[in-house]
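I opened my notebook with a simple plan: look at one structure and write down what I find. Come along and check each entry against the picture.

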Amino acid sequence: MTTENNTWKLAEAYLNKSLNAQEVENLEQLIADNKNFAQEFQEVSNMLLSLKNNAAQKQFQQNLSNIKTQIKEEEQDAPRKISLRLHYLRTAAVAAGVALLASLGTNLWNNKTESNTSKYSELRKVRTEIEGIKQSQSRIIKVLDNKANKPPIENKYSGTGFALSNDGYIVTNYHVTEGADSLYIQTRDGNYYKASTVSFDANADIAILKVESKKFKFSKQGTIPYSFAPSKSGLGERIFTLGYPQDEIVYSEGYISSRNGYLGDSMQYRLELPAEPGQSGAPVIDANGTVIGIVTGKESKSVGTTYAVSSNTMLRMLKNIPQSNSINLPKTSKLGKMSRSQQIEKIQDFTCVVNVYK
Amino acid sequence: MQLSLLKEHQLLEGIANNDRKITEQVYRDNYKQVQSWVRSRGGSADDGDDVFQEAMTILFQKSQNEEFRLSCKIGTYLVAVAKYIWYKKLQLQNRRPDFLPFDSGEEDANDNRAYEDDVKVQEEREVHFEHLNAAMEELGEPCRSLLKAFYNENKSMQDIAGLFGYTNPDNAKTQKYKCLTRLKKLFYAAQVNK
């Protein structure tokens, strides 16, 4: 046996603590006397420790990934039905919301004669107070019935989403995705894809999603036909929207009725545009094919008054998220000279249903 | 108090010894908190899982040192380390300097600093392991399989002698030492060239 082999043997025994007191003493003497040996012994011991530790860490990480898989399987197996009673409770909460919204509205009107500052703080106060109602009532979430051929979980909400980039970045409303356990989008061709929230701004009511599959593309052609307006559009501008209040895509049109939204919210527009539950998160598009906003809610009393978050609010938010550089926003609209039906034909492939499971 | 401390100590020991059951318990007790925190900071559920597993690995490595004692609960440690890792990932993406742990204004900003070293040491360890694995790949057969059988598959020298056709365990051992010598040469040669 070579001396080198002896060093390995000695180091192995030393690390396993199988040397007796005399042998340890001899070893320590050798290390003290012989600098070359000391270094050799150090390197050899390090090598052995690294090999062991590397193997142990691999084993540990294998355990972790097995545990993760196990937990995921359990979560999928767990039944996820909202009980009937809970369903009625939701409806009751919605009804309560309507009454409160109306009374707050009157309140605001009565206070109008007060000084500007107090009116301002009043307004802000009302805004926060009604936040809860906005979430549950005035916004357009739809409770869907159980349907066959859907992902395994029943009882869900749905909204609309549309593409920010061909590779699966999507914008929708925050209130659509809020509290979601899992999100699936359904594209125009009927396929389901799992998505996750990349970022959101609850105040602006915007959520950015990403389809998890790396191979996902909205369209093979690869270019999004619309662009995003960097500033606010004018009063009276004609607009249209494409959304999913039902399984089939639905078109509706209208105009900008105020440049500010709900209770003067400058991040929003007020629109005269029919919208139904399920259309939250749908794009609001002008005649040239430029997205000017995202449908966010409607007034419960009137039929046609709808609110939309402005596209510049969304662009501002996008700039500030970590993923901003990887989202390739479309630069120009390719829809300018087309007829409306041609425009819709181009746009619809870049819209999707956002299915939410809670 | 005494009881819960003892329990924490036992959990740590279980992790150190690669005990599957205890690892699973610690995993289940803590992953949700990390996951929802990461999701609230712009990450996906998978990001949350990744960050949590990295924090678990750091705890595992820390626990290998018998002297190691936690000054806080395991859960607190894992969450703090995970937060630091996630901040660091965001920082590496270089998109959000104000997300830096030190001036983020978060209540735990100062605590994060304490875990900086733990994360750094683990990063260095991973680089070290990469070099080791690279040397292992260069090693060639039968050395690579022999060392893997001993270190990764926990096979005895008796088994290895049978598997690799050595007449007795001692011959297999001699071969193992030769392989180790070659591995060491490759490993240190790569270090010098760097």
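Here are my entries, beginning with confidence and then moving through the chains.

**Entry: how far to trust it**

I noted at the start that this is a predicted model. Its scores are ipTM 0.85 and pTM 0.48. For chain B I found an average pLDDT of 81, with 84% of the residues at 70 or above. Among the elements of chain B, helix α3 (residues 45-64) has the highest mean pLDDT, 91, and helix α1 (residues 2-16) has the lowest, 73. I marked residues 96-109 of chain B with a pencil, since pLDDT stays under 50 there. The model has 18 contacts beyond four places in sequence for that stretch. Where pLDDT is low, predicted coordinates should not be read in detail.

**Entry: where the chains meet**

I looked up the contact between the chains and found 32 residues from chain A and 32 residues from chain B. On the side of chain A, the elements giving two or more residues are α1 (3-15), α3 (35-77) and β5 (192-201). Which of them gives the largest share? It is α3(A), with 19 residues. Sorted by class, this side of chain A has 13 nonpolar, 13 polar and 6 charged residues.

**Entry: chain A and its core**

I listed 8 helices and 14 strands in chain A. Of its 358 residues, 34% count as buried. I also checked contacts between residues at least 6 apart in sequence: 67% of them join residues at least 24 apart.

Next I went to the largest nonpolar core, which has 58 residues. A:Ile170, A:Ile206 and A:Val284 touch the most other members. Strand β6 (residues 206-211) of chain A supplies the largest share of this core, 5 residues. I followed A:Ile170 and, leaving out residues up to four places away in sequence, found that its contacts include A:Phe162, A:Leu164, A:Ile185 and A:Leu209. There is also a second, separate core of 31 residues, and among its members are A:Ile67, B:Val38, B:Phe60 and B:Val79. In soluble globular proteins, nonpolar side chains tend to be buried together.

**Entry: a strand covered on both sides**

A:Ile170 led me to strand β3 (residues 169-172) of chain A. One side carries A:Tyr169 and A:Val171, the other A:Ile170 and A:Thr172, and all are buried. β3(A) pairs with β6(A) in the antiparallel sense over 4 bridges. There, A:Tyr169 stands opposite A:Lys210.

**Entry: a helix with one buried face**

In helix α7 (residues 311-319) of chain A, I found A:Ser311, A:Thr313, A:Met314, A:Met317 and A:Leu318 buried. Why do the buried residues of α7(A) line one face of the helix? Seen down its axis, they fall within an arc of 155°, so they line one face. Their cover includes β3, β5 and β6 of chain A.

**Entry: backbone oddities in chain B**

Most residues other than glycine have a negative phi, and most peptide bonds are trans. I found some exceptions. B:Asn18 has a positive phi of about 60°, in the loop between α1 and α2 (20-40) of chain B. Is B:Asn154 buried or exposed? B:Asn154 is exposed, with 10 other C-beta atoms within 10 Å, while its phi is near 55°. Last, the peptide bond from B:Glu141 to B:Pro142 is cis, and B:Pro142 is found in the loop between α5 (109-139) and α6 (143-151) of chain B.

How values were computed: Residues are numbered from 1 along each chain as its sequence is written. Chains are lettered from A and ligands numbered from 1 in the order in which they are written. This is a predicted model: local features need pLDDT of at least 70, side-chain atom pairs count only at pLDDT 80 or more; totals for chains, interfaces and linings use all residues. Two residues are in contact if their C-beta atoms, placed from the backbone, lie within 7 Å. Ala, Val, Leu, Ile, Met, Phe, Trp, Tyr, Cys and Pro count as nonpolar, Asp, Glu, Lys and Arg as charged, and the others, Gly among them, as polar. A residue is buried if 20 or more other C-beta atoms lie within 10 Å of its own, exposed if 12 or fewer, and partly exposed in between; C-beta atoms are placed from the backbone. A nonpolar core is a set of buried Ala, Val, Leu, Ile, Met, Phe, Trp, Tyr and Cys residues joined through C-beta atoms within 7 Å. Two strands pair if DSSP finds at least two bridges between them. The arc is that of the directions from the helix axis to the C-beta atoms. pLDDT is the predictor's confidence in each residue, from 0 to 100.
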